[in-house]
Amino acid sequence: MSTARSPLSLPPREDLLIAAAGLAGGMAMWALGLFNNPRPPLEGGWVLLPLTMMGLAEALRRTAPSAALALGTAALVGDLLTRSLLATIVMFSDVVYAAVLYGGPRLSRAVPPASAALTAAVTVGALAASRDPQALLVGFVCGLVTVGPAWTGVIVRDHRNAAAAERLRAEQTALLAEMDRVQAVTAERSRMARELHDVVANHLSAIAIHATAAQSLDDRAATGDALAVIRENSVQGLAEMRRLIGLLRTAGGDEEVSAAPTLDGLDALLAHARGHGAAGGLSFALRDERSGGPLPAPVELAAYRIAQESLTNALKHASPGEVTVVLTSPGGDGEGGGHGGGEGALTVTVTSPCDRRPGPRAPGSGTGLVGMRERAELLDGVFGAGPVETAGGTRWEVRAVLPLGEAARNATDGGGGGNGRTGGDGTRGRYGA
């Protein structure tokens, strides 16, 4: 991570203060006669020129690390040719440190090995020139001025890069957590919407049908019967609403969650439908052609809700005639046994007459078909709804194929997977519940 600034930007205040402090220290040493080289090639005030150049390099340590290092190196060479000030050497070590810490990647990688090579060359040269073991001290001092600051800069830079990477990782983790939370909330809202629609829509549909009939009839007895049905369904619907609201408010509390409905409850469901559909000339039949062992709980719940919603749609829209619910599974006489891999699939088929209906009909919004499609797709199943031509005339068919594999056993009814489309042919038709 490079923190170098544009060469055109002004040096930070801290760098200007460091440069001023180094210049002041060097001037004080010059005034006191504190020099490092007693017999230099250049005497007199020449020592102040390298000091000034090194102060300028210090001012550029962050804004232009490469230029600062080049200027500092030239100033150090000049300092060694004069009487040499300790302040100039100390400032050079800081320039080396800053070049590694604030320079670009190439500069940061090049300075440490270059400083090590320079130290080795100085040590070998000093030993060759003096042939005295004390010349090793020259190499030691050179290492302190170059290798030490360079590798310190490497350590600090690595720590900063690691900290920046951890911050980025933490931000990404927080972003992913927020995305998961949003998806979970959306999925839970979709599940609640499906459950509320499936539980309450049946009662509200019956209320709407009988209320429309009561308005269109001039028979006090028939009107009274319709009002009785309306009252019964409104009470039951209100009870279901209160139960769902109570479950939402006491989540994690002491209240037990009621058991999910299963296909064993289809007989009661059809009996309820017969009571409301008799006045409209509707009859209901169940053909259970399943075989084999018990079904996964998510499959049973999805199949029950799809059948429930299909019967509700038939009460609202079907013409007089027979509404048939057919269940088939692997090994049964019906189709659908080969779907869903080696363990097959449960097929739910609900057909109802869809010729012109003479009596009152409740309006539909299409959310029922959306919910049924979502329930099937959550189990990696297939859903379709639309009119089909049969020997007895046109019938509306709802068909769901629900796989019975491992995915179905591990599935829960909490996803919001659906694509938002309606009937199998892309239209709501007149069965858009």
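In this predicted model, helix H2 (48–59), helix H4 (86–102) and helix H5 (105–130) are among the elements that cover the buried residues of H3. Those buried residues are Pro65, Ala68, Leu69, Gly72, Ala75, Leu76 and Asp79. Seen down the axis of H3, they fall within an arc of 130°, so they line one face of the helix. The spacing fits a general rule: an α-helix has 3.6 residues a turn, so residues three or four places apart point the same way.

**Helix lengths**

H3 and H10 can be set side by side by residue range and by end-to-end span.

| Helix | Residues | Number of residues | Expected span | C-alpha span, end to end |
|---|---|---|---|---|
| H3 | 65–81 | 17 residues | 24 Å | 24 Å |
| H10 | 297–317 | 21 residues | 30 Å | 30 Å |

For H3, the expectation of 1.5 Å a residue agrees with the distance between its end C-alpha atoms. H10 likewise comes close to its expected value. In H10, 20 of the 21 residues are buried, so this helix is largely enclosed by the rest of the structure.

**The second largest pocket**

H3 also takes part in a pocket. The second largest pocket holds about 680 Å³ of space. It is lined by 22 residues, of which Leu76, Leu80, Val122, Cys142 and Val145 are the closest to its centre. At least two lining residues come from each of H3, H4, H5 and helix H6 (136–145). The largest share is that of H5, which gives six residues. Leu76 thus appears twice in this account: it is one of the buried residues of H3, and it is among the lining residues closest to the pocket centre.

**Thr324 and its surroundings**

Is Thr324 buried or exposed? Its relative accessibility is 9%, and because the cut-off for buried is under 20%, Thr324 counts as buried. The residue sits in strand S2 (residues 321–328). Beyond its neighbours within four places in sequence, Thr324 is in contact with Ala285, Arg287, Thr349, Val350, Thr351 and Arg395. Arg287 lies 37 residues away in sequence, and the two C-alpha atoms are 7.5 Å apart in space. Within S2 itself, the side chains of Thr324 and Glu322 make a polar contact at 3.4 Å.

**The protein as a whole**

The protein has twelve helices and five strands. It comprises 433 residues, and 41% of them count as buried. Of the contacts between residues at least 6 apart in sequence, 80% join residues at least 24 apart.

Notes: Residues numbered from 1 in each chain as written. Predicted model: local features only at pLDDT ≥ 70, side-chain atom pairs only at ≥ 80, totals over all residues. Heavy atoms only, no water. Helix = DSSP H or I, 4+ residues; strand = E, 2+ residues; numbered from the N terminus. Expected span 1.5 Å × (residues − 1). Buried < 20%, exposed > 50% of the residue type's maximum accessible area, 1.4 Å probe, protein only. Arc of directions from axis to C-beta. Contact = heavy atoms within 4.5 Å. Polar contact = N/O pair within 3.5 Å; in protein donor to acceptor, adjacent residues only side chain to side chain. 1 Å grid on protein atoms, 1.4 Å probe; cavity = no way out; pocket = protein on both sides within 12 Å on 5 of 7 lines; lining within 4 Å. Points joined across faces, edges and corners; volume = space filled by probe spheres on them.
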